Amino acid sequence: MKAMVVYDSAYGNTEQVAQAIGAALGTQGEVEVLRVGEAKPERLAGLSLLIVGSPTQKFSSTGATTGFLKGIPEDGLQGLKVAAFDTRFTEDAIGKVRILAFFVRIFGYAAKPIADRLVRKGGELAVPPEGFYVGDTKGPLLEGELQRAADWARRIAATL
Ligand SMILES: Cc1cc2nc3c(=O)[nH]c(=O)nc-3n(C[C@H](O)[C@H](O)[C@H](O)COP(=O)(O)O)c2cc1C
């Protein structure tokens, strides 16, 4: 199994999740964990799994993440399993800000649109998109989230 985990991260939380996912997958095969700027579409050749993660910013993925996904050629993910994750505020935190809760209901988080783009490029979704929770804008991740990320990665590996 050859896998790549591509992430963006403003404050390091999504990076920590990406590394936890990479470490959990790493016990099963060859895994690269790359920041989105380093992950050129040419490097996708020979992969069996691509996982993409981004902080949720303004209900979506970062510009760099979207740019990476747009740069993948049409059908460039044919034959690959794919999965998407984000980091995000908790529903409790969002619920305290009524206008934010309203927009979240409409626009959601980053993971789903990332997964949709991966599938549009020909990838086969291994597991549903997943979100991991931060306590505040700069983090930290809530307790147990890195363990949950590792469990999520093992569920993905089991589909290969
Ligand atoms: C400009 C900006 C917009 C954000 N918008 C959202 C949002 O729409 N929904 C949400 O759940 N969190 C939002 N957040 C919180 C981020 O999800 C949080 O900063 C991120 O998970 C931290 O991950 P990182 O350390 O990898 O950047 C936003 C943060 C920033 C800086």
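This dialogue walks through how to read several features of a predicted model.

Student: Which elements make up the chain, and in what order do they run from the N terminus on?

Tutor: This is a predicted model, and its chain has six helices and six strands. From the N terminus on, these elements run β-α-β-β-α-β-α-α-α-β-β-α. The radius of gyration is 15 Å, close to the 15 Å given by the globule rule for 160 residues, so the chain is as compact as a globular protein of that length. Along its principal axes, the C-alpha trace spans about 45 × 30 × 25 Å.

Student: How should I read burial and contacts for the chain, and what percentage of the 160 residues count as buried?

Tutor: Of the 160 residues, 47% count as buried, and the chain exposes about 7900 Å², of which carbon and sulfur atoms supply 53%. For contacts, consider those between residues at least 6 apart in sequence: 79% of them join residues at least 24 apart.

Student: What is the general idea behind a salt bridge, and how many are there by this rule?

Tutor: Side chains of opposite charge can pair when their charged atoms come close. The cut-off used here is a side-chain nitrogen of Lys or Arg within 4 Å of a carboxyl oxygen of Asp or Glu, and by this rule the count comes to nine salt bridges. In one of them, glutamate 32 pairs with arginine 43, and the closest N and O atoms are 2.7 Å apart. This pair links distant parts of the chain, since glutamate 32 belongs to strand S2 (residues 30-35) while arginine 43 sits in the loop between S2 and strand S3 (49-55), 11 residues apart. Glutamate 32 is partly exposed, with a relative accessible area of 33%, and arginine 43 is also partly exposed, at 36%.

Student: Are the partners arginine 88 and aspartate 86 buried or exposed?

Tutor: Arginine 88 forms a salt bridge with aspartate 86, with the closest N and O atoms 2.7 Å apart. Buried means under 20% relative accessible area; arginine 88, at 14%, is therefore buried, and so is aspartate 86, at 0%.

Student: Which parts of the chain does the pair of glutamate 130 and arginine 148 tie together?

Tutor: The side chains of these two residues, glutamate 130 and arginine 148, meet in a salt bridge at 3.5 Å, N to O. Because glutamate 130 lies in strand S6 (residues 130-134) and arginine 148 in helix H6 (residues 145-157), the pair ties together parts that are 18 residues apart in sequence. Glutamate 130 is partly exposed at 21% relative accessible area, and arginine 148 is partly exposed at 28%. Salt bridges that share partners also join Asp8, Glu15 and Arg35 into one network.

Student: How do I read the side of a helix, and which residues of helix H5 are buried?

Tutor: One looks down the axis and asks where the buried residues point. In helix H5 (residues 111-120), Ala111, Ile114, Ala115 and Leu118 are buried. Seen down the axis of H5, they fall within an arc of 100 degrees, so they line one face of the helix. These buried residues pack against S3, helix H2 (63-71), strand S4 (81-89), strand S5 (124-125) and S6. After H5 comes glycine 122, whose phi is positive, near 105 degrees.

Student: Which residues form a nonpolar patch on the surface?

Tutor: Val97, Ile99, Phe102, Phe103, Ile106 and Phe107 form that patch, and together they have about 560 Å² of accessible area. Among them, phenylalanine 102 is found in helix H4 (residues 98-107) and is partly exposed, with a relative accessible area of 41%.

Notes. Residues are numbered from 1 along each chain as its sequence is written. This is a predicted model: local features need pLDDT of at least 70, side-chain atom pairs count only at pLDDT 80 or more; totals for chains, interfaces and linings use all residues. Side-chain values use heavy atoms; hydrogens and water are left out. Helices (H or I, at least four residues) and strands (E, at least two) are DSSP runs, numbered from the N terminus. Buried means under 20% relative accessible area, exposed over 50%, partly exposed in between (1.4 Å probe, protein chains only). Patches are made of residues with over 30% relative accessible area and no salt bridge: like charges are joined within 9 Å, nonpolar side chains (Val, Leu, Ile, Met, Phe, Trp, Tyr) within 5 Å. Accessible areas come from the Shrake-Rupley method with a 1.4 Å probe; for residues, only the protein chains shown count as cover. The arc is that of the directions from the helix axis to the C-beta atoms. Contact means heavy atoms within 4.5 Å. The radius of gyration is taken over C-alpha atoms; the globule rule is 2.2 Å times the number of residues to the power 0.38.
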